[in-house]
Amino acid sequence: MFGFTKKSSQQTSVSSDEGGGSEKKGVIHEEIASGLDHDEFVPPTDKELRRLMLKIDLRVIPYIAILYLCSFLDRVNIGNAKVAGMTDDMDITEDQYNWALSLFFIGYVNVVFEVPCNLALKVVGPRIWIPLIMVVWGVIMALMALCTTGKGLMACRFFLGVAERNNSGLYPGALFYLSKWYTKRQQAFRIGLFYSSSTLAGAFGGVLAYGISFMDGLRGLHGWQWIFIIEAIPTLLFGILTYFVLPDYPAKTSFLNEREREIIVRRIIEDAGPATETHFSWNQVIQAFLDWKVYAYSLSYICGAICVYSLAMFMPSIVQGMGYTSRLEAQLMSAPPYVFAWIATILNGYSTDKFGERGFHLAGVGLVASLGYVLLITLQDYGSVAVYIAAIITTTFAFATNPPMAGWFSNNFGGDTKRSVAMAFVLTIGNSGGAISGHVYRADDAPHYIRGHTICLALMLCGAMLALLLKYLLYRENKRRDNLTPEEHRIECERKEPCDKHPDFRYIL
């Protein structure tokens, strides 16, 4: 074992930036400390810590980003396939196409798979779990090129969603994975870095679809069929490579030496503060489902998710409705909005971590995205350039809502089991927005899609208001804990597995 010595007081200072800057003391559980007993631990210097975090960043973040790029590209490239002529060549109705979009997310958010798969990821480890399922969904992606009817396409989309779900959704699995490597104040920026790859998937997907469209007729296949085949290849290759490249959790990884593993393990335990329960617990599972924050975060998340997924799946069609009627031109012009979204997502994630703040960062970009939807609705008579700029604003700030949102709910649940279950539930509800998003933009609303923009405007405003309300409620709870009497503090400490209900735990705001 590696780790650190129980100090005579068996106490250590706990970072509680999550409480808005107040300093608290938390106790590292004796059983954890004794399990990591070794020579006296020497804290790392600032230079040593920066070097170690850079080493981890370079090994973990780029690879997770590539995997998520593959995942997001495979779920939204159906929009590029449609513009490339898929619905013209296939025996499919418009309703069947919209249901094909939605069925992916019905399979993806199936609650039968969500929580068990997050727990399986915790037990089996990412190095084995992720490669297996990536290969499965890559095969399904390629097989979509063989679809000739709407029913066949719907079946493939459903099972593609199930396959990604069994990967613990990669995204929720990645959030849990990052929480084992980085402290709360470090997570939002890293989430922004890997999530920004989804915006690159939009940009890259449009440019790639533009190039692949020139293969129309090659070996008797349509351009949209080549889109599914070629874009499945990176998923298959990286799925196999993941087994050899992706590190397991810090305590078991071989790419860090013993000293480096010791530093990371200690930092994560200290950062957890009083919420250091690492064992599996049915009590924590129940706690997760009884916690009001789970439902508040779920509602806020689904509002943003519907907007983001509807933009991702319908952007080529929206751009085509602006007057870029050529299939090739629509594919190419759908890429630039995602480049701006990539920049904004990273910057908002960086700022979120730098200031240790979540609610204002989420509400702020949500309000600007709402302005973008207003412009999409009102500028239809002012030419395609004005509407296109509005689409850039909307896409840029809608995607930028994710780092503060994901960094918020992943930080504010204590206890490994409770956090894993809570995150899985929030993401299940949030990603069910993808099933709804398939019906937001309808063919009979073309070319301006006013109804779809109006629905997204209302949802984005609702999400921003919920973020401000949630920030206020968590602020009140932190203040309540600050003002507990010694007797009240003692009573709350005596709860069984208090997790984030521990009176010394402070919520990040």
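No disulfides are present: the count for this predicted model is 0. Cysteine 307 accordingly takes part in no disulfide, and the nearest cysteine sulfur, belonging to cysteine 456, lies 4.1 Å away. With a relative accessibility of 0%, cysteine 307 is classed as buried.

A second cysteine was examined in the same terms. For cysteine 462, the closest cysteine sulfur is that of cysteine 303, at 3.9 Å; this separation is too far for a bond, because a disulfide requires the two sulfur atoms to lie within 2.5 Å. The relative accessibility of cysteine 462 is 35%, and this residue therefore counts as partly exposed.

Helix packing was analysed for α2, which spans residues 46–83, and α13, which spans residues 292–321. The axes of these two helices are 9 Å apart and enclose an angle of about 20°. Helix α2 is therefore roughly parallel to α13, since angles under 35 degrees fall into that category. The crossing of the pair is right-handed.

On the α2 side, the contact is formed by Phe72, Arg75, Val76, Gly79, Asn80, Lys82 and Val83. The residues of α13 that they meet are Tyr309, Ala312, Met313, Pro316, Ser317 and Gln320. Divided by class, the contact between α2 and α13 comprises 7 nonpolar, 4 polar and 2 charged residues.

Technical notes:
Residues are numbered from 1 along each chain as its sequence is written. This is a predicted model: local features need pLDDT of at least 70, side-chain atom pairs count only at pLDDT 80 or more; totals for chains, interfaces and linings use all residues. Side-chain values use heavy atoms; hydrogens and water are left out. Axes are lines fitted to C-alpha atoms, for helices over the stretch in contact, and angles run from 0 to 180 degrees between N-to-C directions. Helices (H or I, at least four residues) and strands (E, at least two) are DSSP runs, numbered from the N terminus. Angles under 35 degrees count as roughly parallel, over 145 as roughly antiparallel, 65 to 115 as roughly perpendicular and the rest as oblique. A crossing is left-handed if the near helix is turned anticlockwise from the far one by less than a right angle, and right-handed if clockwise. Contact means heavy atoms within 4.5 Å. Ala, Val, Leu, Ile, Met, Phe, Trp, Tyr, Cys and Pro count as nonpolar, Asp, Glu, Lys and Arg as charged, and the others, Gly among them, as polar. Buried means under 20% relative accessible area, exposed over 50%, partly exposed in between (1.4 Å probe, protein chains only).
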